[in-house]
Amino acid sequence: MPAMYALTPRCTLPPVHRRAPPPCRAASPTPAALARADPDELRSTWPQRAWTLAGSAAVLSSLSASASLAADSGSYAEPLAAALAAYTVADLATGVYHWLVDNYGDASTPLVGAQIAAFQGHHRHPSTITRREPCNNLHALARAVALALPAVEGAAAAAHAPAAAHAFAGTFAACVVLSQQFHAWAHEKRRRLPPGVEALQAAGVLVSRAQHAAHHRQPYSTNYCILSGVWNGVLDRHKVFEALEMVVFFRTGVRPRSWDETQAAWMEDTSGAAAVTAIAVTDSS
């Protein structure tokens, strides 16, 4: 793999002549326009609240099953260790997913097209996420958890899985959903953070504002993990995503977006009214 880096640096890879898909922002203007949209666009709707509640109920059911089994066995060490492992793995999972939607596909991609457009729109107006109401921000991931976690729990129960398995599943699901809230806090001004959040960010329990701000600098190719950010240093130092990008390129000819000059429409908008919201990433007040 080191030889691959030496022979094919990203800056000299030849362009692939293929029909380019439409840019995410052009295909789905709504995310890019959120900074100037009617405030109703950022408020939680009742369906969003319902999905968030359903996802939360699925998580609580999973954790309750773990607690019950742990109480029966008289040991909580394994479930707690499994929960810690799930928190760590969830941070890696958010990074991998974030890397994928930032670099591949567009608004027409099945299943995840809307999220691809939304992530690119987030680069345009990063502080918009801080003005979303909680269920508006969390409902998409909560819906996935509400649909998937009961099936996982049912399989675990049928297999008579131990408490640790339920603890891992429930904690992982909870962390994936809450990663969007932690992401929002990474863009928030210090004076508007809930009590204790800044201390958790400084301790590395939650992704910090400074660490995530690095992701919002061109070419937007580092610091993808948005839960605790514990994996960011390892992934970036060892160029893991660059290696994966090369594998994808050599096998398919598809270039990730981060290899090319960032389109103006994808860069942070710091002009006019958007300038007020754009400073949330770096404001230290």
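In which helix is His 123 found? I looked this up before anything else, and I noted that His 123 is found in helix H6. I should record at once that what I am reading is a predicted model, and my entries are to be taken with that in mind.

**Entry: the chain as a whole**

I stepped back to see the overall make-up, and I counted 13 helices and zero strands in the chain. Read along the sequence, the pattern is accordingly written as α-α-α-α-α-α-α-α-α-α-α-α-α. I then looked up burial, and found that 44% of the 285 residues of the chain count as buried. For contacts between residues at least 6 apart in sequence, I noted that 75% join residues at least 24 apart.

**Entry: H5 against H6**

I returned to H6, which covers residues 113-124, and looked at how it packs with H5, residues 77-103: the angle is about 85°, and the axes are 8 Å apart. Since angles of 65 to 115 degrees count as roughly perpendicular, H5 is roughly perpendicular to H6. On the H5 side, I listed Tyr 97, His 98, Val 101 and Asp 102 as the residues that make the contact, while H6 contributes Gln 115, Ile 116, Phe 119, Gln 120 and His 123. Sorting the residues of this contact of H5 with H6 by character, I wrote down four nonpolar, four polar and one charged.

**Entry: His 123**

Is His 123 buried or exposed? I found a relative accessible area of 2% for His 123, and because buried means under 20%, His 123 counts as buried. I also looked for a polar partner of its side chain, and noted a polar contact of 3.1 Å that joins the side chains of His 123 and His 215.

**Entry: His 212**

Another histidine caught my attention, namely His 212, which is found in helix H10, residues 209-213. With a relative accessible area of 1%, His 212 is buried. Its side chain makes a polar contact of 3.2 Å with the side chain of His 216. Which residues does His 212 touch, not counting residues up to four places away in sequence? I listed His 98, His 122, His 183, Ala 186, His 187, Val 207, Asn 223 and Ile 226. His 98 was already in my notes, as one of the H5 residues in the contact with H6.

**Entry: aromatic rings**

I searched the whole structure for aromatic pairs and found seven. Phe 168 and Phe 172 form one that is stacked, with 6.2 Å centre to centre and 10° between the planes. Both of these residues lie in helix H8, residues 163-185, where they are four residues apart, about one turn of the helix. I checked their accessibility as well: Phe 168 is partly exposed at a relative accessible area of 30%, and Phe 172 also counts as partly exposed, at 26%. Elsewhere in my search I noted that Trp 99, Tyr 104, Tyr 224 and Phe 241 form one aromatic cluster.

**Entry: Arg 192**

Where is Arg 192 found? I placed Arg 192 in the loop between H8 and helix H9, the latter being 197-203. Its relative accessibility is 47%, so I recorded Arg 192 as partly exposed. Finally, I compared Arg 192 with Thr 130, and found that the two are 62 residues apart in sequence and 9.7 Å apart in space, taken C-alpha to C-alpha.

Notes. Residues numbered from 1 in each chain as written. Predicted model: local features only at pLDDT ≥ 70, side-chain atom pairs only at ≥ 80, totals over all residues. Heavy atoms only, no water. Axes fitted to C-alpha atoms, helices over the stretch in contact; angles between N-to-C directions. Helix = DSSP H or I, 4+ residues; strand = E, 2+ residues; numbered from the N terminus. Parallel < 35°, antiparallel > 145°, perpendicular 65-115°, else oblique. Contact = heavy atoms within 4.5 Å. Nonpolar A, V, L, I, M, F, W, Y, C, P; charged D, E, K, R; others polar. Buried < 20%, exposed > 50% of the residue type's maximum accessible area, 1.4 Å probe, protein only. Polar contact = N/O pair within 3.5 Å; in protein donor to acceptor, adjacent residues only side chain to side chain. Phe/Tyr/Trp six-rings, centres within 6.5 Å; stacked < 30°, edge-to-face > 60°.
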